[in-house]
Amino acid sequence: MKGLNVENAVLFKQLLLVEDSSQKLSQSVLKIVSHVTPLLARIPENMREYTLHDETHSLKIIRIMGRIIPPETLVQLNDIELTFLILAAFLHDIGMTCSLSEKERIILGSSEYQNLMKIDPIYEDYLEFKKTNNHRAVTRIEDKIFTEYLRRNHVKRSAEFIETTLLEGEFKLAINDILLFKYLINICDSHGEPVSCLKDNRRYPRNTLIGEKYVNIQYVSLILRMADILDLDPERTPKVIYDFVSPEDPTSVIEWKKHRSIIGWDISSNRVVFEAECTSPEVERALRIFMEWIEIERKESIDLLKNYHDEISSKYLLLLQEPINMERIGSDGSYIYSDVKFHLHYEKIIELLMGQRLYRSPITALRELLQNAIDAIKARMFLGSDKLERFEPKVTIEYKNDTLIIEDNGIGMDDDVFNEFFLQVGTSYYKHPRFFDTDLDVVSEFGIGVLSAFMVADSMVIESRMEPENPLVPPLPIYYEIPTAHSYCVKRHSERVHVGTKISLKLKKGHPFSEYSIVQVIEEIIPHPDFPIFIKTTDQEFKHSGVSIVENSLFNEHLDKESFSIDRRRNLELTDESFTHYLFDVDLGNLGDIEIEGKLQVVNGSNVRLDGEVSGCITQRSFNLGIPHTSEGNFKLEISKSLTQMFPYWLNIFADINIVGRGSLAITPDRTEVIQDERFKKIKMALEHAIISGFQKHLDEYKENHSLNEYHNYVDLLFEAGFIEVRSHYNEAITEEAQIFFQKYLSFPVITEKGTLVRKFGAELLSYERLGIIESYNVEEFTNEMNDFVTKHKEIPIIILNGFNIRQFYNMDNLVYSVFLDSQINNKLSMCRYLLSPIPGIEIEILCKYDLKKKDSGGPNRFEVAEEILFDIENKSSQVICIPVDSGAYEHIFNKSHPIITPLLQGSRYKNIIAERIFHKLKNSFKNIMVEYIDSIDDPENAKLQYALRNSSHALLSTGLFSKDSGVYTKMKEAIDLHWTEMTMQGFVKELDYPEIGFSDFPWYWGAEKF
């Protein structure tokens, strides 16, 4: 800033006049300012898109301080107060500066930084950029997160800098050896707090004695805050720097343009005036909002000083009595500012917002009013946190004679709040500027809930008294009657004494409440309230402090299987429960900035469910989420599908959790479903990480205290008990973190060259390019045949699914896919590869990691067509037409690579609908031939045969097929001939290209002696 430096500032000149000749605080000020000035110049290195926080900003603050402090006050300030004012201007943002080495340490070693990174929507992009070595993109994202880290921590970092720098040494700040840095820390801290924090006499005393001088820390802090917010002009955003920075973040763009729109300003001890020409309505709107913040700061600062009526208050003045004027904020002529926007049909919208087309149950009305009551109490507790008197929050719900009353002792309302917020549909009082940048965590989001009351009520009465900001000028209580949602309100005189709000509903006929059910309904709506809710009916009074915490039974391996087998217990009608035991508690203490309270447990479940199940209750800010359901008079909020999708689909969860804080879920207005946005993804990812960490800890502890064989059996038992379930049909891909967990902790039964089974962990098997899968294999049989086969194919580990000690081992192929295939492919596999084994009826499914394809909706499924079916994995000419598939209907899987199938497919899709029809005709012909064969050998009098027909697989029944009935081969050959003729007629092939079909085109065991 031209012509301005510290020594020319009014405050510094005044310091020279009043300081003691022996102390020379001015010399300390100059040394410290000289030291921090180059540091402030480095702030843009890490906060590139922020408006300037350099020496110019500090000097502007000092100049503004000199203008807003009345002359009669300025001349009475002592040297310590003037020193604090000047240094606070330079040091309040010093925490935004950071050296390159410190930045690197934070990025590499700070858990808070890492948490900020992991919860950011761009975290997945960051990981992808790291994988692809896109260093520029990685650095850009790291810088963005680091900027946010500095923004959140700059007040704390400023305090650390002040203590470290001013405690001792060259820049020690003291008077008569009395250290001053602690006072300066509190002053700088105040600019990140609400004005109400200045009421704390311990941190911000008005008359503290330092040496022989009384110092008003509160007043110094107030002046810093006001001067900081008033630094709003183009000098803070010079055009040359704006052009160089070229901010991309929309918020930063508006912020820079907001400052650059200022063309004139008049700041004095009596008034503040800004004149602006804005380049767009968005910029003007942002500037007007900022002016509202300035006005709030001005008003609350004035009100704070008005609370005092003593000698001190007559000395430390703030005379900015004139409100901030918006009339000089306008357009540069490129637009005409207006608040014109869409208007909605009032009555239709009201009917929608108070009806069951938006809210699924009329009981919602009680929940919405209860939410409002609790939010009002939270607001009162927040705004009165600095008060000494004890506050006992209280909500009372009274149901008598078809009247429902909800009363709270919260913040209350005056006429302004009632008209501007309560009656304004879609406007929440808690979005008022006085609550900006605070930790107030309220339930209300949409500002429409109160209308739901008219689902159950004919009329409503509101009585309220607002807590006064100034006890000497309390607002008047209000009393309004609302006959209907469409009616004008009737205002009456109120004698209400107590602060808070009382809403009385005259209920409609047929309303859903009763004296019997009201307690149960409230307990379901808010299972664990932050403070007691008192419920009154004609016959009882009840204090609801929280429902009992469910204590589940801990699982251990020594339990009788009957006690935890959900499916068997249901079949025996022993239970309808969704689980019997829990495996471990999930640690919810390390979720970054996601705040979740309560209990989360991994529990067992049914082995026949299609996906994981979530039971219990999930609340947000204490209120239950879910779909309302009433059965036999009992009201229940059932966990919705979108809520279950917060958790990994491969396990079952019991939840009794409460989500709080600014990172909470976005929900639908009726609180039944979750919006699956970036916040949802963050919470989902954090929960999965916590669950997997719990699994790892649990399994590590077990492994440390047991043999490896016992460990393998224990993990199998967890599958058997239903603690882990992997379903191939599920649409959601398994995450990379879950896949890595499975690879490290799960083992697989693999056949050895000796024909025995050995367990190998997934991570070990990842080193192979190909894996084989056999569903069922008896180790005691065919040992010699398999020995030679395994030796020949030792580069292909073969997993034996029935080697898992699990009743439903055939489901474990889904686990194999999840562990070894691309997480985006494993549940959407298109076509498999098969290798015929030396054992009749056993084909080996081959997984090749590098040539997998996703399923194509326009093609056959993996149980209809395979990529290859081979006699010999190294001989691509040894293709087999088909193999049996155990679908229960004598179907076959056909080989895409065989010449009679290849012409019909292009990639993994049929070439056209005619090709699909021709394929299905051949498929059905083979099926019918097999059915005829089974019918021909069926002998109802042969018990042994009947047992075999009912208990043998399709593949085993096909063994010796051609030797038993040579007519089967003839019929299949004829079907292929007809098939080729149809393909020829449709132009898919040429007649002369018809391949010679022989026994070698079919599975070898079809022509073997009957097995």
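Let us start at Glu867, which sits in the loop between β30 (865–866) and β31 (868–870); strands here are DSSP runs of E with at least two residues, helices are runs of H or I with at least four, and both are numbered from the N terminus. This is a predicted model, where local features need pLDDT of at least 70, side-chain atom pairs count only at pLDDT 80 or more, and totals for chains, interfaces and linings use all residues. Residues are numbered from 1 along each chain as its sequence is written, and side-chain values use heavy atoms, leaving out hydrogens and water.

Is Glu867 buried or exposed? Glu867 is buried, at a relative accessible area of 13% (buried means under 20%, exposed over 50%, partly exposed in between, with a 1.4 Å probe and protein chains only). The side chain of Glu867 also has a polar contact of 3.4 Å with that of Lys896.

Now for a pair of helices. The axes of α24 and α26 come within 10 Å and cross at roughly 10 degrees, so α24 is roughly parallel to α26 (angles under 35 degrees count as such). Their contact (heavy atoms within 4.5 Å) involves these residues:

| Helix | Residues in the contact |
|---|---|
| α24 | Glu688, His689, Ile692, Phe695, Gln696, Leu699, Asp700 |
| α26 | Glu737, Ala738, Phe741, Tyr745 |

By class, this contact has 6 nonpolar, 2 polar and 3 charged residues.

Finally, the whole chain: its secondary structure comes to 34 helices and 35 strands, and buried residues make up 53% of its 1011 residues.

Key
Polar contact = N/O pair within 3.5 Å; in protein donor to acceptor, adjacent residues only side chain to side chain. Axes fitted to C-alpha atoms, helices over the stretch in contact; angles between N-to-C directions. Parallel < 35°, antiparallel > 145°, perpendicular 65-115°, else oblique. Nonpolar A, V, L, I, M, F, W, Y, C, P; charged D, E, K, R; others polar.
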